[in-house]
Amino acid sequence: MLKSYFDKNLIEAGCDEAGRGCLAGPVYASAVILPKNYKNKWLNDSKKLSDADRYELRPEIENSALAWALGVVNHKEIDEINILNASFLAMHRAVDKLKTKPELLLIDGNRFKPYKKIPHQCIIKGDGKFLSIAAASILAKTYRDDYMKVMAEKHPEYNWENNMGYPTKKHREAIRAYGVTPIHRLTFQLLPKQLVIEF
């Protein structure tokens, strides 16, 4: 089972993002504050769970959390500030919306841009070590998937309902065949820029 906390004396918010490696769509982040005594043997890194399991856990996380929030950075902002900074910004926006102010941020990964004066701890593969980070990974992933499924209805050629904007073979073939859409990240590699499809 994943750890319930990093420091039992501080209000901790686990933070994670989804969509960093995609060719299209926004990057989503979530910040989650769980009770110190929270336990859940099913909660894990979202990448290790099935799609059905992630969606089943989402309401459990939302109902159990002391506070949770989402932060979103769209494709245009990603092109302007780069994906690493966009990932940090999405986490900042999520933390900023928390109803309870955290005293420590647990960040999945090895880099983070400090948010105001709140201390942070970077934890490599933290979504497989701490419940709050795993919870954040699930919320970020499922809400971003929801968005990409809606976009897939507008642009069915790109198979986003299955690849969620990641650079699969079908996605890249569709880009070559149809060009880019208004939500593609134009600064990413292997994107033809000669054609923009309007909504």
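The following paragraphs describe helix α3, the packing of helices α1 and α4, and the surroundings of His-171 in a predicted model. Residues are numbered from 1 along each chain as its sequence is written. In this predicted model, local features need pLDDT of at least 70 and side-chain atom pairs count only at pLDDT 80 or more, whereas totals for chains, interfaces and linings use all residues, and side-chain values use heavy atoms, with hydrogens and water left out.

Helix α3 comprises 14 residues, 83-96, where helices (H or I, at least four residues) and strands (E, at least two) are DSSP runs numbered from the N terminus. From its first C-alpha to its last, α3 reaches 20 Å, close to the 20 Å expected at 1.5 Å a residue, the expected span being 1.5 Å times one less than the number of residues. Because 10 of its 14 residues are buried, α3 is largely enclosed by the rest of the structure; buried means under 20% relative accessible area, exposed over 50%, and partly exposed in between (1.4 Å probe, protein chains only). The buried residues, among them Phe-88, Met-91 and His-92, pack against β1 (12-18), β2 (27-33), β3 (67-73), α2 (75-81) and β4 (104-108), contact meaning heavy atoms within 4.5 Å.

At the N-terminal end of α3, Asn-82 acts as a cap, with a side-chain oxygen 3.1 Å from the backbone nitrogen of Leu-84. Asp-96, also placed in α3, is partly exposed, with a relative accessible area of 47%. Its side chain is joined to that of Tyr-115 by a polar contact of 2.7 Å, that is, a pair of N or O atoms within 3.5 Å, of which, within protein, one must be able to donate a hydrogen and the other to accept it, residues adjacent in sequence counting only if both atoms are side-chain atoms.

Helices α1 (residues 51-64) and α4 (residues 131-154) pack at an angle of about 115 degrees, with their axes 9 Å apart; axes are lines fitted to C-alpha atoms, for helices over the stretch in contact, and angles run from 0 to 180 degrees between N-to-C directions. The contact involves residues including Arg-54, Tyr-55 and Ile-61 of α1 and Ile-138, Leu-139 and Lys-149 of α4.

His-171, in helix α6 (residues 169-178), is buried, with a relative accessible area of 0%. A polar atom of the His-171 side chain lies 3.4 Å from the backbone oxygen of Gly-165, and a polar contact of 3.0 Å joins the side chains of His-171 and His-184.
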